[in-house]
Amino acid sequence: MWRYAAKRVLLAFPVLLGVSGVVFVAIRLIPGDPAQIMAGQAATEEVVRQIRQSLGLDQPVPVQYLYFLRNVLRGDLGRSLFNGVPVVEELGQRFPRTVRLAVASMAVASLIGIPAGILAATRRLTWVDTLVMLVALVGVSMPVFWLGLNFILVFSVRLQWLPAFGYGTWRHLVLPSVTLGAASAAVVARMTRSAMLEVLGQDYIRTARAKGLAERVVVHRHALRNALIPVVTILGLQLGTLLSGAVLTETVFAWPGIGRLLVEAVLARDYPVIQGTTLLIATTFVALNLTVDLLYALLDPRIRYE
Amino acid sequence: MGATRRVLSAGAVVWRRLRRSRSAVLGLGILGVFATSGLLAPWLAPYDPYASDLENSLKPPSARHWLGTDELGRDLLSRIVYGARLSMVIGTIAVAIGVAVGVPLGLVSGYLGGWFDLIVQRGVDVLLAFPSTVLAILLVTILGVGLVNVMIAVGIVSVPTYTRLVRGQVLSLKEQEFVEAARALGAGSLRIVFRHILPNTLAVLIVQTTLQVASAILSAAALGFLGLGVQQPTAEWGAMLSTARQHIQLAPHTLVFPGLAIMLTVLGFNLFGDGLRDALDPRLRV
């Protein structure tokens, strides 16, 4: 296990280096001149040149990349071009909020998805199964931002039960987390169903049934435990999807996390913020995938020896 | 001659299985409706989708305007019908870009192995390190907004999926006997890859492509909604939702219908893809 873990962790480093390269290059490919944006349209050429020099933009590109890497490793991601706040500070404030949203959505996804999948699998080929699977397919086909807007329409505008936007209390968390968790719940339900069906067809289940165990015990004690292994993997991978969806959900509900920060920064061409946000999101994504892989190996010893 | 007939009958088998699959029929039906409205938009749309009529803005559905009007008094039904054309085109072309780049990369990478494979796979790893929406946003930020750039960005996002998928297929296929037989008969690498290996990956590729169009349409709509995709006043469903959001209290119908159109189209592709998977290869059933 330790050797496997060490290998996987080491393999993540070149990927992260690649990510930093992509982000660095991407930011420099964006049309427009950061120095000009910082200086404003009316600035003289002299001022623009000074800013360019202070940002290191007058250096050759490879040198700029090395500086960039050094700064990233030191935890220096520059400052916002607009309000001058250090990007690291801004991310530090907003990242926990996105994590909070993602974790709540993950809870929604598992609490709905796993029971729904078990239900569909145990009632295979009945109308219950068909209905659950159809709802799940509708769930993955729905644009997440549209679902959120519909929730606002029904629960905030019409019924006035929950706030439409903002951040703070648990009431602010309900609509965004259900919105964001819905599509993942659908994916989890589909996965749970197929994993359960696979396990329920195996010999040891027949043995358990043959020795007269109650169906409930067979399903929950014997089948579910093994079926949950792929489900856990899917849940982990869904966290990445949730980060993607957070960009949209946070925009719909004005949730002050990093997803909304990214969209705002892109619309305002705030280069250091775009850079910092994408770096943080991709790094989180890589770390999550790594954790899932390791967890999978821990749960299922067969993986380690492949 | 005999070979042709066998290929045809394989197609007939798939078609028969497809017709028996409820999800495939339902999916095909939904897609038929949207494809037809996209193709025949100029004849089907009751009004000009860009003709504004400020006196009749944000009107709820009525006999004159079946789905109501938007903030400029434009007929919503007409805009949705034209939007179908746009979404179908965006989805198809974006996926075509993904296939055109991703499939050859996966084929060569899997077949050759070695340093080429190593480089391509690390590149794929890096692209997959970005959640798809984030990568799409980053790409349109570089390319600029607008229809063509959205298709390119969404297409690039799907490249790693295809490369991974095809490479995996090639790795298992190239060890099989029929490939060895072809090589023994003196077939070159190009011929083996394109004539013997590629056709055997088609079933998986077709299913993946159907599902990929669904996610491409969703991504494009998301970019439109964020204001980073197809721009106003173009009748694009995502962009329509972005303005509808401001009138959520006054005119909920402007919010409901374009979203419903996106959902149904994507659902159609997903249903059809599921049915296709069962018909082409029952072993792949999830």
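Let me start with the contact between the two chains, which takes 36 residues from chain B and 39 residues from chain A. On the side of chain B that touches chain A, the elements that give two or more residues are α5 (114–128), α6 (132–143), α9 and α11 (253–280) of chain B. Of these, α11(B) supplies the largest share, with eight residues. If we sort that side of chain B by class, we find 25 nonpolar, eight polar and three charged residues.

Please keep in mind that what we are looking at is a predicted model, and that the predictor gives the complex an ipTM of 0.88 together with a pTM of 0.89. For chain B the pLDDT averages 88, and 95% of the residues score at least 70. As a general caution, where pLDDT is low, the predicted coordinates should not be read in detail.

Now let me return to α11(B), and to how its length compares with what we would expect. Because a helix is expected to span 1.5 Å a residue, the 28 residues of α11(B) should span 40 Å, and the end C-alpha atoms of α11(B) are indeed 40 Å apart, which agrees. This helix is also mostly covered, since 25 of the 28 residues in α11(B) are buried.

The next stop is α9 of chain B, residues 189–226, where we find B:Leu198. Is B:Leu198 buried, partly exposed or exposed? There are 18 C-beta neighbours inside 10 Å of B:Leu198, so this residue counts as partly exposed, given that a residue would need 20 or more to be called buried. When we leave aside the neighbours within four places in sequence, B:Leu198 is in contact with B:Leu107 and B:Val193. A further relation worth pointing out is with B:Gln169, which is 29 residues from B:Leu198 in sequence, while the two C-alpha atoms are 9.1 Å apart in space.

Let me finish on the other side of the contact, with chain A, whose secondary structure comes to 12 helices and zero strands. The C-alpha atoms of chain A fill a box of roughly 85 × 55 × 30 Å, taken along the principal axes. Chain A has 306 residues, and 40% of them count as buried. Finally, if we consider the contacts in chain A with a separation of 6 or more, 73% of them are accounted for by residues 24 or more positions apart.

Notes: Residues are numbered from 1 along each chain as its sequence is written. Chains are lettered from A and ligands numbered from 1 in the order in which they are written. This is a predicted model: local features need pLDDT of at least 70, side-chain atom pairs count only at pLDDT 80 or more; totals for chains, interfaces and linings use all residues. Helices (H or I, at least four residues) and strands (E, at least two) are DSSP runs, numbered from the N terminus. A residue is buried if 20 or more other C-beta atoms lie within 10 Å of its own, exposed if 12 or fewer, and partly exposed in between; C-beta atoms are placed from the backbone. Two residues are in contact if their C-beta atoms, placed from the backbone, lie within 7 Å. Ala, Val, Leu, Ile, Met, Phe, Trp, Tyr, Cys and Pro count as nonpolar, Asp, Glu, Lys and Arg as charged, and the others, Gly among them, as polar. The expected span of a helix is 1.5 Å times one less than its number of residues. pLDDT is the predictor's confidence in each residue, from 0 to 100.
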